[in-house]
Amino acid sequence: MTVLRSALLFVLAAVLEIGGAWLVWQGVREHRGWAWAGAGVVALGAYGFVATLQQDANFGRILAAYGGVFVAGSLAWAMALDGYRPDRYDVLGALVCLVGVVVIMYAPRGN
């Protein structure tokens, strides 16, 4: 259950961070207004708290592993909301990053 909880926290963090950055982008670059940008700032702030809910106490490990989730999540977000179509190298790179997440976070450790 802890792996499932950890994975769900990573997904929530990705939605908040990527979604927050996207909202800021929409507010500023796409001229949708400061309300969009402000909502993005709130989401980005919430993302910062979600990482603290991971069971592992090592900040560096959590952030490094989350980086892989961020990469894959960013491509998925771009596909879903911006019509982006990744090529095979985008997909391969995202898969490599997700394998890295599994190795960093869930490999058996003696400590």
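# Helix packing in a four-helix chain

In helix 3, the buried residues are Ile-62, Ala-65, Tyr-66, Gly-68, Val-69, Ala-72, Gly-73, Leu-75 and Ala-78. These buried residues pack against helix 1, helix 2 and helix 4. The model is predicted, and the exercises below work through its packing.

## Exercise 1. Overall layout

Describe the elements and the extent of the protein chain.

Solution.
- Step 1, content: the protein chain has four helices and zero strands.
- Step 2, order: starting at the N terminus, the elements read α-α-α-α.
- Step 3, extent: the C-alpha trace spans about 50 × 35 × 20 Å along its principal axes.
- Step 4, burial: of the 111 residues in the protein chain, 28% are buried.
- Step 5, contact range: take the contacts between residues at least 6 apart in sequence; 64% of them join residues at least 24 apart.

## Exercise 2. The nonpolar core

State which elements give two or more residues to the largest nonpolar core, and which residues have the most contacts inside it.

Solution.
- Step 1, size and centre: the largest nonpolar core has 15 residues, and Phe-10, Tyr-66 and Val-69 have the most contacts inside it.
- Step 2, sources: two or more residues come from each of helix 1 (2-28), helix 2 (34-50), helix 3 (59-82) and helix 4 (88-106).
- Step 3, largest share: helix 1 supplies six residues, the largest share of this core.
- Step 4, one residue followed outward: beyond its neighbours within four places in sequence, Phe-10 is in contact with Gln-54, Ile-62, Ala-65, Tyr-66, Val-69, Val-101, Met-105 and Tyr-106. Tyr-66 and Val-69, named in Step 1, are among these partners.
- Step 5, background: in soluble globular proteins, nonpolar side chains tend to be buried together.

## Exercise 3. Helix 3 against helix 4

Classify the orientation of helix 3 and helix 4, and list the residues that make their contact.

Solution.
- Step 1, what is needed: two packed helices are described by the angle between their axes and the distance between the axes.
- Step 2, values: the axes of helix 3 and helix 4 cross at roughly 155° and come within 8 Å.
- Step 3, class: angles over 145 degrees count as roughly antiparallel, so helix 3 and helix 4 are roughly antiparallel to each other.
- Step 4, hand: helix 3 and helix 4 cross in a left-handed sense.
- Step 5, residues: helix 3 contributes Arg-61, Ile-62, Ala-64, Ala-65, Gly-68, Val-69, Val-71, Ala-72 and Leu-75, while helix 4 contributes Asp-90, Ala-94, Cys-97, Leu-98, Val-101, Ile-104 and Met-105.
- Step 6, classes: this contact of helix 3 with helix 4 has 13 nonpolar, one polar and two charged residues.
- Step 7, end of the helix: Gly-83 follows helix 3 and has a positive phi, near 70°.

## Exercise 4. Helix 1 against helix 4

Apply the same procedure to helix 1 and helix 4 and assign an orientation class.

Solution.
- Step 1, values: the axes of helix 1 and helix 4 come within 12 Å, with a crossing of roughly 130°.
- Step 2, class: this angle makes helix 1 and helix 4 oblique to each other.
- Step 3, hand: the crossing of helix 1 with helix 4 is right-handed.
- Step 4, residues: Val-3, Ser-6, Ala-7 and Phe-10 of helix 1 meet Val-101, Met-105 and Tyr-106 of helix 4.
- Step 5, classes: the residues of this contact divide into six nonpolar, one polar and no charged.

## Exercise 5. Individual residues of helix 1 and its loop

Decide whether Ser-6, Gln-26, Leu-8 and His-31 are buried or exposed.

Solution.
- Step 1, cut-offs: buried means under 20% relative accessible area, and exposed means over 50%.
- Step 2, Ser-6: this residue of helix 1 has 5% relative accessibility and so counts as buried. Outside its neighbours within four places in sequence, Ser-6 is in contact with Gln-54, Met-105 and Tyr-106.
- Step 3, Gln-26: also placed in helix 1, Gln-26 is buried at 6% relative accessible area. Its contacts, neighbours within four places in sequence left aside, are His-31, Arg-32 and Trp-36.
- Step 4, Leu-8: this helix 1 residue has a relative accessible area of 52% and is therefore exposed. Its C-alpha atom is separated by 15 Å from that of Ile-18, 10 residues apart along the chain.
- Step 5, His-31: located in the loop between helix 1 and helix 2, His-31 is exposed at 69% relative accessible area.
- Step 6, backbone of His-31: most residues other than glycine have a negative phi. In His-31, phi is positive, near 55°.

Terms used. Residues numbered from 1 in each chain as written. Predicted model: local features only at pLDDT ≥ 70, side-chain atom pairs only at ≥ 80, totals over all residues. Heavy atoms only, no water. Core = buried A, V, L, I, M, F, W, Y, C linked by side-chain atoms within 4.5 Å. Buried < 20%, exposed > 50% of the residue type's maximum accessible area, 1.4 Å probe, protein only. Contact = heavy atoms within 4.5 Å. Axes fitted to C-alpha atoms, helices over the stretch in contact; angles between N-to-C directions. Parallel < 35°, antiparallel > 145°, perpendicular 65-115°, else oblique. Left-handed = near helix turned anticlockwise from the far one by under 90°. Nonpolar A, V, L, I, M, F, W, Y, C, P; charged D, E, K, R; others polar.
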